[in-house]
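Biologist: I should like a close look at one part of this model, the packing of its interior. Please then set the remaining features beside it in one connected account.

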Amino acid sequence: MIMFGKLLFSAESGLAVADCYGSVLPVPDYMQVKGPYIRSSIEGGISTLSIYEFDDQWTEEGLAHLKARYARFSDIEGAIASVEEWLGVDVALHLLQETHSVTDALEAVSFRI
């Protein structure tokens, strides 16, 4: 399972976001994290992206953990946090082989977030 954690905020919120990062929940043993990676632009603000990977058996626990981890940023004015679940290409191809239709394969996937 792959999930992406995203955070978007203004430069004015940067110090508050940095302070919050110092107190976020650590990832559990079953989860690996890459990032956060940071990107900024004058027009778009500052974005961070973290990649979380774990076995499918931990999906519910992982989702609950990441929602709690990113909820801490909701108190920061102007900060927008999100968590997205993504399929691996092997799962997508398997669904396509089973359904023989891109539309049906997409309808078979019910993302929790």
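**The nonpolar core and its surroundings**

Modeller: The largest nonpolar core (buried Ala, Val, Leu, Ile, Met, Phe, Trp, Tyr and Cys residues joined through side-chain atoms within 4.5 Å) has 19 residues, among which M3, F54 and F73 touch the most other members. At least two residues of this core come from each of β1 (2–9), α1 (14–21), β3 (45–53) and α2 (59–71). These elements are DSSP runs numbered from the N terminus, helices being H or I of at least four residues and strands E of at least two. The model is predicted, so local features need pLDDT of at least 70 and side-chain atom pairs count only at pLDDT 80 or more, while totals for chains, interfaces and linings use all residues. Residues are numbered from 1 along each chain as its sequence is written, and side-chain values use heavy atoms, with hydrogens and water left out.

Aromatic contacts come next. The whole structure contains 6 aromatic pairs (rings of Phe, Tyr and Trp, the last by its six-membered ring, with centres within 6.5 Å; planes under 30 degrees apart are stacked, over 60 edge-to-face and the rest tilted). One of them joins Y30 and F54 edge-to-face, at 6.1 Å centre to centre and with 80° between the planes. This pair links distant parts of the chain, 24 residues apart: Y30 sits in the loop between α1 and β2 (32–41), and F54 in the loop between β3 and α2. Y30 counts as buried at 19% relative accessibility, as does F54 at 2%. A further edge-to-face pair is formed by Y52 and Y70, with 6.3 Å between centres and 90° between planes. Since Y52 belongs to strand β3 and Y70 to helix α2, the pair ties together parts that are 18 residues apart in sequence. Y52 and Y70 are both buried, that is, under 20% relative accessible area, where exposed means over 50% and partly exposed in between (1.4 Å probe, protein chains only). Together with Y21 and F73, these two tyrosines make up one aromatic cluster. F73 thus recurs here, having been named among the core residues that touch the most other members.

Charged contacts are few to list. The search of the whole structure finds 1 salt bridge (a side-chain nitrogen of Lys or Arg within 4 Å of a carboxyl oxygen of Asp or Glu). It pairs E84 with K6, whose closest N and O atoms are 3.3 Å apart. With E84 in strand β4 (residues 80–86) and K6 in strand β1, the bridge ties together parts that are 78 residues apart in sequence. Both ends are partly exposed, E84 at a relative accessible area of 26% and K6 at 32%.

On the surface, V89, L93, L96 and V102 make a nonpolar patch of about 360 Å². Such a patch takes residues with over 30% relative accessible area and no salt bridge, nonpolar side chains (Val, Leu, Ile, Met, Phe, Trp, Tyr) being joined within 5 Å and like charges within 9 Å; areas come from the Shrake-Rupley method with a 1.4 Å probe, only the protein chains shown counting as cover for residues. Helix α3 (residues 89–99) gives the most to the patch, with 3 residues. V102, in helix α4 (residues 102–108), is exposed at 54%.

Confidence varies along the chain: pLDDT, the predictor's confidence in each residue from 0 to 100, has a lowest mean of 71 in α4 and a highest of 96 in β3.
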